[in-house]
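Trainee: I have a structure open on my screen and would like to go through it with you. Could you help me read it?

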Amino acid sequence: MLHLRQITKRFGPQTVLQGIDLDLRAGEFVSLLGPSGCGKTTLLRVVCGIERPDLGQVLMQGEDITGWPASRRRFGVVFQSYALFPNLTAMENVRYGLSALPRREAVERASELLALVGLLEQADKFPAQLSGGQQQRVALARALAPRPRLLLLDEPLSALDAQVRQELRAEIRALQQRLGITTLMVTHDQDEALAMSDRVVLLAKGQIAQQGAPRQLYEQPASALVAGFVGRMNWLDGQVVAEGRVRVGTTLLDADTRLYKTGSVVRIGIRPEAIRLVAAEGAPLRARIETLQFQGPVTQVALHCEALGVGQELMLELASAEAVELVEGETRGLALPANALQLFDAPLSMRRAA
């Protein structure tokens with residue numbers, strides 16, 4: 001439905017976007033994810049028509065719309081700051097984009113959208129009389145009212161507290177699926193992107209580092225950068241000593257080394273939920289439990305393992321029901337399953353030092 005071809009954008013000497021190629025299929029929910037300054041908001045503004053690329057094309061169903069102003073593109077946009085008119089009621093805010101319709105038809109459409117987001121009873125209230133979550137729902141209804149060809153969301157939930165954010169995640173996703181509207185969302189919140197998206201596009205330094213289904217980025221990251229940004233990761237420094245074997249500290253671990261030659265210096269990642277604690281007696285690898293942090297259904301366990309390197313600490317996540325028997329200061333056996341260890345290229349400085 002939407003095709004971005006070699007999008008490049010510069011601000012003075014700084015290149016913010018460099019050769020971005022991206023396709024959005026009809027009805028798909030795609031999230032642009034990445035750290036601050038990676039170019040995701042600039043890319044959304046290029047799609048919207050607020051910014052024009054220095055190079056490249058924006059194609060909508062095969063038609064070149066690169067030079068079209070935002071007003072001509074018929075895209076719905078929801079901003080982080082809601083951007084509601086403070087002197088208009090919720091109903092009037094939603095009706096604002098329906099000025100081309102007869103009044104009765106505009107009221108019916110606005111009422112339909114307010115009902116869809118569960119705010120019909122709040123139609124006569126002004127933004128200041130609504131909670132943050134309610135204001136964001138009004139902004140969403142206003143963006144959807146003119147039946148846009150594409151919905152753009154710019155950090156739509158970042159100004160809300162955690163509980164409301166989680167509720168709205170599910171509501172926005174359900175609404176998007178119900179309407180079948182193609183949606184592009186900018187976010188720096190990995191949990192938000194993983195929970196809501198059909199596809200996640202991770203940007204880094206103005207380029208696409210990896211894109212794919214949320215599970216694919218989490219389980220099969222293309223680089224250490226992706227692995228470190230999508231989900232939580234424990235990092236170990238090691239060296240491949242033989243096929244299927246890596247040395248970390250004074251310990252030899254089984255791992256999939258097929259992509260690396262013997263002698264290669266590597267970074268090894270393992271997710272917190274993949275680490276296993278076993279009985280200390282007879283275990284080849286042991287760790288001391290430093291701290292236990294109860295977080296409701298999950299408990300985070302900080303581990304210290306001298307055999308993996310001086311000062312090496314790991315973070316383990318356990319279901320809280322399994323963690324009740326653990327005691328800070330005790331020593332347990334440690335298991336790092338070979339199929340959970342992910343190997344990546346080590347930084348150049350590490351490879352030179354080796």
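Mentor: We will go through a sheet and its helix, then some aromatic rings, the cysteines and one glutamine, keeping in mind that this is a predicted model.

Trainee: Let's start with the open sheet, then. In what order do its four strands come?

Mentor: The order is β2-β1-β4-β5, and the strands pair in an antiparallel way. The strands at the edges are β2, covering 14–24, and β5, covering 63–64, and each of these pairs on one side only.

Trainee: How many bridges join β1 to β2?

Mentor: Seven bridges join β1, which spans residues 2–11, to β2, and the two strands run antiparallel. To pick out one position on β1 and β2, you can look for H3, whose bridge partner in β2 is D23.

Trainee: And which helix packs on that sheet?

Mentor: That is helix α1, residues 40–48, which touches β1, β2 and β4 (55–60), and the direction of the helix makes about 120° with that of β1.

Trainee: Why would you call α1 largely enclosed?

Mentor: Seven of the nine residues of α1 are buried, so the helix is largely enclosed by the rest of the structure. The buried residues are K40, T42, L43, L44, V46, V47 and C48.

Trainee: What follows α1 in the chain?

Mentor: The helix is followed by G49, which has a positive phi, near 105°.

Trainee: C48 was on your list of buried residues, so I want to stay with cysteines for a moment. What does the disulfide count come to?

Mentor: The count comes to zero disulfides. A disulfide is a covalent bond between the sulfur atoms of two cysteines. For C48, the closest cysteine sulfur is in C38, and because the two sulfurs are 18 Å apart, they are too far for a bond.

Trainee: Is C305 buried or exposed?

Mentor: C305 is buried, with a relative accessible area of 1%, and C48 is buried with a value of 8%.

Trainee: Changing topic, how many aromatic pairs does the structure hold?

Mentor: It holds two aromatic pairs. One is formed by F85 and Y96, and it is tilted, with 4.6 Å centre to centre and 50° between the planes. This pair links distant parts of the chain, since F85 lies in the loop between β6 (75–78) and α3 (90–95) while Y96 lies in the loop between α3 and α4 (103–116), 11 residues apart. F85 is partly exposed, with a relative accessible area of 30%.

Trainee: What about W235 and F344?

Mentor: W235 and F344 form an edge-to-face pair, with 5.8 Å centre to centre and 65° between the planes. That pair links strand β11 (residues 234–242), which holds W235, with strand β20 (residues 342–345), which holds F344, and the two residues are 109 residues apart. F344 is buried, with a relative accessible area of 6%.

Trainee: Which residue lies over the face of W68?

Mentor: R72 does, at 3.8 Å from the ring centre. In addition, R271 lies over the face of Y218, at 4.0 Å from the ring centre.

Trainee: Last one: where is Q136 found, and what does Q136 touch?

Mentor: Q136 is found in helix α5, residues 132–144, and is buried, with a relative accessible area of 3%. Leaving aside residues up to four places away in sequence, Q136 touches V78, F79, Q80, Y82, P156, L157 and L168.

How values were computed:
Residues are numbered from 1 along each chain as its sequence is written. This is a predicted model: local features need pLDDT of at least 70, side-chain atom pairs count only at pLDDT 80 or more; totals for chains, interfaces and linings use all residues. Side-chain values use heavy atoms; hydrogens and water are left out. Two strands pair if DSSP finds at least two bridges between them. Contact means heavy atoms within 4.5 Å. Axes are lines fitted to C-alpha atoms, for helices over the stretch in contact, and angles run from 0 to 180 degrees between N-to-C directions. Buried means under 20% relative accessible area, exposed over 50%, partly exposed in between (1.4 Å probe, protein chains only). Rings of Phe, Tyr and Trp (its six-membered ring) pair if their centres lie within 6.5 Å; planes under 30 degrees apart count as stacked, over 60 as edge-to-face and the rest as tilted. A charge sits over a ring if NZ of Lys or CZ of Arg is within 6 Å of the ring centre and within 35 degrees of the ring normal. A disulfide is a pair of cysteine sulfur atoms within 2.5 Å.
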